[in-house]
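Let's take a friendly walk through a protein model together. Have the sequence and the 3D view ready, and look up each residue as we come to it.

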Amino acid sequence: MKTAGTGFKLSVTAVFIILLIAGGWPLRQHRHFPVEIVCGPGVTEIRNLSDYLPALKGTKADTPVFILSGKEPGGSVLVMGNTHANEPEGLLTVAIMIENAVVEKGTVFLIPSFNRSASLNTRPGEGYPLYFSIRTPWGQKRFRMGNRDASPLDQWPDPDVYIHYPEKQMLSYLDIRNTNRTWPGRKNGLPMEQVTFAAMELLRREQVDLAIDLHGAETMFPVTNCIVAPEKSMRIATLASLTVKSMEGFENHLESSPEKFRGLSHREIGDYSDTLPFLLESPIPFLDQPTGAKTEKLFLDGRDEFLLSLARKKKLFVPYDESGWSLDRRVGQHLSVSLEIIRQYSRKTPDRAIIIKNVPRYSDVVDNGTGSYFHNPASSEKGKVVKI
């Protein structure tokens with residue numbers, strides 16, 4: 001029997017190595033691509049999540065915490081984006097706050113990339129773009145498109161079954177890398193459990209009054225375009241929902257946090273601290289399964305002919321027409337609802353009021369575009385630019 005010669009084997013090996021490099025190099029570039037955020041006039045301090053749990057220091061799970069303190073004492077709020085990094089509307093919302101907000105009373109904690117490891121991860125098997133860019137007055141600003149779960153490069157192997165701590169509920173094995181399933185976390189747990197534990201330490205040590213976790217969900221999923229809140233937060237959530245509907249003209253219904261589904265921020269934060277939690281969902285057509293190609297354009301404008309057909313058959317849980325559901329609408333909605341939650345809390349507890357200025361609301365972002373609120377890192381002071 002004739003066997004392949006050495007030359008043929010070397011050729012096959014060379015082709016394999018070339019393909020490996022060609023496929024792996026873009027993923028390496030993505031993992032090391034720096035997203036730059038410019039600290040605005042309201043940023044008074046920058047910490048890291050590892051300041052609340054030193055075990056995170058030096059890992060890809062650590063992430064910056066931007067602090068905006070007012071001249072007057074008051075209450076405090078934590079706003080988190082990119083818990084799921086394939087829902088980057090939250091990242092953009094928090095980044096706009098960092099670059100523009102000025103706090104007059106109280107303290108605002110901002111985490112733009114809560115699951116930073118997930119932001120370094122990708123979904124190439126589903127055809128997701130590695131990046132997306134938004135137009136600004138000074139050019140295109142580029143961001144990484146991440147994944148729902150932390151990268152296996154940072155946490156692996158996954159267990160056969162993930163047993164939530166401390167409630168002992170059995171969850172999907174993948175949820176151990178999902179930072180909206182690992183709350184309230186474990187000090188000595190796996191990295192994503194440590195991330196949520198560190199956030200709980202921040203909430204408890206700083207005596208934070210409100211926590212707002214920014215997300216996005218499919219138009220075919222009933223829990224979208226809404227505020228999710230437990231019983232203790234529901235009154236403020238209701239007032240915020242009614243106000244944005246009457247004053248700003250967009251729907252944002254309420255969903256009650258389920259008591260028996262564990263690991264969620266809007267459940268565990270409230271159960272394991274005095275903080276009032278809220279989770280915001282904006283509709284992201286890009287995440288729906290029955291769409292066309294998962295392109296950057298679809299992510300930005302939210303227009304899809306298949307979803308439009310489903311909308312005519314009343315299969316979607318949000319209003320949907322030829323205009324789609326743009327990134328500007330999604331970011332603007334997150335900003336308005338977050339600001340309204342803070343405003344309603346401040347009205348209810350004036351001694352713990354939080355007063356924030358210079359943050360755009362829904363109509364501002366829709367009219368001017370998300371990119372209008374970002375500053376050019378190239379022309380900013382070096383010490384003001386933070387890479388995440």
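How many residues does the hairpin use to join S6 to S7? The hairpin between these strands runs through two residues. Keep in mind as you explore that this is a predicted model.

## A pair of strands

Strand S6 covers residues 131-136, and strand S7 covers residues 139-144. The two pair in the antiparallel sense, with six bridges between them. To see one match across the pair, find Tyr-131, which stands opposite Arg-144 in S7.

Is S6 enclosed or open? Five of its six residues are buried, so S6 is largely enclosed by the rest of the structure. Being buried here means having under 20% relative accessible area.

## Rings that meet

The model has eight aromatic pairs. In one of them, Phe-114 and Trp-183 are stacked, with 5.5 Å from centre to centre and 5° between the planes. Phe-114 sits in the loop between strand S5 (102-111) and helix H3 (116-119), while Trp-183 sits in the loop between S9 and H4, so this pair ties together parts that are 69 residues apart in sequence. Both Phe-114 and Trp-183 are buried.

Another stacked pair brings us back to the hairpin strands: Phe-132 and Phe-143 lie 5.3 Å apart, centre to centre, with 15° between the planes. Because Phe-132 belongs to strand S6 and Phe-143 to strand S7, the pair ties together parts 11 residues apart in sequence. Phe-132 and Phe-143 are both buried. They also belong to a cluster linked by ring pairs, together with Tyr-128, Phe-286, Phe-299 and Phe-374.

## An enclosed helix

Now turn to helix H6, residues 265-272. Six of its eight residues are buried, so H6 is largely enclosed by the rest of the structure. Which residues of H6 are buried? They are Ser-265, His-266, Arg-267, Glu-268, Ile-269 and Gly-270.

What do these buried residues pack against? Their partners are helix H4 (191-205) and four strands: S4 (72-80), S10 (210-217), S11 (226-229) and S13 (276-283).

## Two pockets

The largest pocket holds about 480 Å³ of space. Its lining is made of 25 residues, and those nearest the centre are His-84, Arg-148, Arg-181, Phe-221 and Glu-281. S10, strand S12 (253-256) and S13 each give at least two residues to this lining. The largest share comes from S10, with three residues. Sorted by class, the lining has 10 nonpolar, eight polar and seven charged residues.

The second largest pocket holds about 380 Å³. It is lined by 17 residues, with Ser-133, Ile-134, Arg-135, Leu-300 and Asp-328 closest to its centre. Strand S6, helix H7 (296-301) and helix H9 (327-348) each give two or more residues to the lining. Here the classes come to three nonpolar, nine polar and five charged residues.

## A cavity inside

How many cavities of 30 Å³ or more does a search of the whole structure find? The search finds one. The largest cavity has a volume of about 50 Å³.

To locate this cavity, highlight Val-35, Asn-82, Leu-91, Ser-113, Ser-119, Arg-144 and Ile-388, which line it. By class, the lining divides into three nonpolar, three polar and one charged. Arg-144 may look familiar: this is the residue that stands opposite Tyr-131.

## Two loop residues to find

Asn-252 is in the loop between helix H5 (234-248) and S12. Is Asn-252 buried or exposed? It has a relative accessibility of 2%, so it counts as buried. Leaving aside residues up to four places away in sequence, Asn-252 touches Asn-225, Cys-226, Ile-227, Ser-241, Val-244, Glu-281, Gln-333 and Val-337. One of these, Glu-281, is also among the residues nearest the centre of the largest pocket.

Gly-189 lies in the loop between strand S9 (170-171) and H4. With a relative accessible area of 14%, Gly-189 is buried. Gly-189 and Tyr-165 are 24 residues apart in sequence, and their C-alpha atoms are 9.1 Å apart in space.

Key:
Residues are numbered from 1 along each chain as its sequence is written. This is a predicted model: local features need pLDDT of at least 70, side-chain atom pairs count only at pLDDT 80 or more; totals for chains, interfaces and linings use all residues. Side-chain values use heavy atoms; hydrogens and water are left out. Buried means under 20% relative accessible area, exposed over 50%, partly exposed in between (1.4 Å probe, protein chains only). Contact means heavy atoms within 4.5 Å. On a 1 Å grid over the protein atoms alone, a cavity is a set of points where a 1.4 Å probe fits but cannot get out, and a pocket is an open set with protein on both sides within 12 Å along at least five of seven lines; lining residues have an atom within 4 Å of a point. Grid points are joined across faces, edges and corners, and a volume is the space filled by probe spheres set on the points. Ala, Val, Leu, Ile, Met, Phe, Trp, Tyr, Cys and Pro count as nonpolar, Asp, Glu, Lys and Arg as charged, and the others, Gly among them, as polar. Two strands pair if DSSP finds at least two bridges between them. Rings of Phe, Tyr and Trp (its six-membered ring) pair if their centres lie within 6.5 Å; planes under 30 degrees apart count as stacked, over 60 as edge-to-face and the rest as tilted.
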